[in-house]
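Morning, everyone. Please bring up the sequence and the model on your screens. I'll walk through it piece by piece.

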Amino acid sequence: YLNGGWCKRTQQIRSFPDGFLFGAATAAYQIEGGWYEDGKGLSIWDIATHTVPSPIKDGSTGDVSADSYHLYKRDVELMKELGIDFYRFSVSWSRILPNGFADKINQPGLDYYNNLINEMLDNNITPFVTIYHWDLPYNLQKLGGWTNPLIVEWFRDYAKILFDRFGDRVKLWMTINEPKQICYEGYGSDLKAPFLNATGIAEYICAKNILLAHAKVYHLYDESYRKVQNGTIGISLSCTWYEPASDTSDDHQAAVDARQFDWGQYAHPIFSNAGDFPAEVKQNIALKSAEQSFPKSRLPEMSAAEVALIRGSSDFFGINSYTTKLTYRDASLEGMYPVPSYMDDMAAVMIKDPSWTQAQSTWLQEVPWGFYKLLVEVRNLYDNPPVYITENGWSTAGGLLDEGRISYYRSYLTALLDALDEGCDVKAYTAWSLIDNFEWKNGYTEKFGLYEVDFSSPELTRRPRESAHIYKEIIRSRQLNL
Ligand code: BG6
């Protein structure tokens, strides 16, 4: 069938290329528990989930979650059972540096990650370390967090400790997971901690600081560690595909603007030859800022030296991609936002198509051709960079029989194979998530795990879902049997 220009092939068995890697991912706050144990400091998520009234849908916390802080050996057994090549996990900044600053290192925190890494290596699983997946030390948030330019140095000092202590064994690094979610959802709205909601301003200050922090850490690794440690380091962006809702040029432009605001804002400075924020983002924000009588654009400028520092600062393009949105322009909505706002700046309206299969998460629908188009667009825009799919997954309400997740993984992997046929340089695929976990704003109301975690059992029992068996077979055979 044809849908959005993507053609599902009829071939029965399709193979992944030699050297293609399969993995699964998690993040520290979502699975570890041990929130206040062994000298760990508080993070913004510890504070958020302990706020009354709770900002989390089911009022839950990550205090215990899947308790991977104590059950990591069991997690490694699951990885081995699945046969994944690598496991992507994140380090909790405040477990290593309780105050966020490098002057006080928490030895039990280092011990935990050393034990986890060693256990993985003993079982032939490659560690893929995310340096920052959203759990900023609360002490740094009190100083402004990602809106304070000093965070560039704080982040560099923290990353240096990880390179020094784990870099002899860790060869795959991700600096930051999804800067857009950090900046827009955390600072420019109230969807994620720290729930700052300083709309139309804080997310852009955050964007510049986060790009600089990422680039500093990239260069630190490149210049001081790579020769000896011989690893790879990059960033991961959350990339939704925005499809024009109609063939009008307005809707096409709305889709381009939505892509540039959503991920081009971070991809263009790093992966384009020109560097800097994308033209659409600069123009739209400058225009609206002038209309709102701001003396200059609300988007901070980058100096030539900053542009040069950021450009090229990633060995791979990490893509977290889940879904697609229909996008259109609606002139009647212009000016409806009473305060400066990212959504107003973007000037695009995004909607779901009710005919697409819906997951448990309201924002998630199965649209494999959108994933294919995204991969081709990244190839076209950024000169075919090496791509790692660093997250892709499906949520259900629970249960071991997860046909929806199986359909999703199969259709997205088919789209990935189609993109490979088009010459896209995709090198790895990561399923989100290895196990059920605390899903940020929605707590435990949606499950992404290949393995179910029984949160009501004292042992936090892990059991493979049907999808785990299917993923295991795909990895074993390196083939999709369609
Ligand atoms: C990704 C995040 O954006 O989406 C993960 O990197 C997260 O940490 C996943 O768990 C699912 O998102 P949510 O908002 O439904 O928990």
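**Cysteines first**

C183 and C206 are both buried. They form a disulfide, with their sulfur atoms 2.0 Å apart. That is the 1 disulfide in the structure. Keep in mind that this is a predicted model.

Look at the geometry of the link. The angle about the S-S bond is -70°, and the link of C183 and C206 is left-handed. Where do the two ends sit? C183 is in helix α8, residues 179–187. C206 is in helix α9, residues 202–229. The two are 23 residues apart, so this pair links distant parts of the chain.

Now C239. C239 takes part in no disulfide. Its nearest cysteine sulfur belongs to C424, 13 Å away. Why is there no bond for C424? Its closest cysteine sulfur, in C239, is 13 Å off, and that is too far for a bond. The cut-off for a disulfide is 2.5 Å between the sulfur atoms. Buried or exposed, then, for C239 and C424? C239 has a relative accessible area of 1%, so C239 is buried. C424 comes in at 6%, so C424 is buried too. The limit for buried is under 20%.

**Strand β5 and its neighbours**

Next, β5, residues 86–90. How many of its residues are buried? The count is 5 of 5. Take the two faces in turn. F86, R88 and S90 lie on one side, and Y87 and F89 on the other. Every one of them is buried, so both faces are covered. Note that R88 is in that buried set.

Who pairs with β5? Strand β4, residues 21–25, does so in the parallel sense, over 3 bridges. There, G23 stands opposite F86. Strand β6, residues 126–132, is also parallel to β5, joined by 5 bridges. In β6, P127 is the bridge partner of Y87.

**Strand β10**

On to β10, residues 317–320. F317 and I319 point one way. G318 and N320 point the other way. All four names are buried.

β10 pairs with β8, residues 232–238, in the parallel sense over 4 bridges. S236 has G318 as its bridge partner in β10. β10 is also joined to β15, residues 387–391, again by 4 bridges and running parallel. F317 stands opposite V387 there.

**A three-stranded sheet**

Now an open sheet of 3 strands. In what order do they come? The order is β9-β11-β12, and the pairing is mixed. β9, at 241–244, and β12, at 349–351, stand at the edges. Each has a single partner strand, so one side of each has no neighbour in the sheet. From one strand to the next, the twist averages 40°.

β9 pairs with β11, residues 324–328, in the parallel sense over 4 bridges. P244 stands opposite T327 in β11.

Two helices pack on this sheet. Helix α10, residues 249–271, touches β9, β11 and β12, and its direction makes about 170° with that of β9. Helix α14, residues 368–381, touches β9 and β11, and its direction makes about 100° with that of β9.

**A helix pair**

A word on how to read the next part. Two packed helices are described by the angle between their axes and the distance between the axes.

The pair is α15, residues 403–421, and α16, residues 466–477. Their axes come within 9 Å and cross at roughly 25°. Angles under 35 degrees count as roughly parallel. So α15 and α16 are roughly parallel to each other.

Which residues meet? From α15, R405, I406, R410 and L413. From α16, E466, S467, I470 and I474. By class, that contact has 4 nonpolar, 1 polar and 3 charged residues.

**One buried serine**

Last stop, S289. It lies in helix α11, residues 279–291. At 1% relative accessibility, S289 counts as buried. What does S289 touch, leaving aside residues up to four places away in sequence? F294, K296, S297 and R298.

That's the tour. Over to you.

Key: Residues are numbered from 1 along each chain as its sequence is written. This is a predicted model: local features need pLDDT of at least 70, side-chain atom pairs count only at pLDDT 80 or more; totals for chains, interfaces and linings use all residues. Side-chain values use heavy atoms; hydrogens and water are left out. Axes are lines fitted to C-alpha atoms, for helices over the stretch in contact, and angles run from 0 to 180 degrees between N-to-C directions. Angles under 35 degrees count as roughly parallel, over 145 as roughly antiparallel, 65 to 115 as roughly perpendicular and the rest as oblique. Contact means heavy atoms within 4.5 Å. Ala, Val, Leu, Ile, Met, Phe, Trp, Tyr, Cys and Pro count as nonpolar, Asp, Glu, Lys and Arg as charged, and the others, Gly among them, as polar. Buried means under 20% relative accessible area, exposed over 50%, partly exposed in between (1.4 Å probe, protein chains only). Two strands pair if DSSP finds at least two bridges between them.
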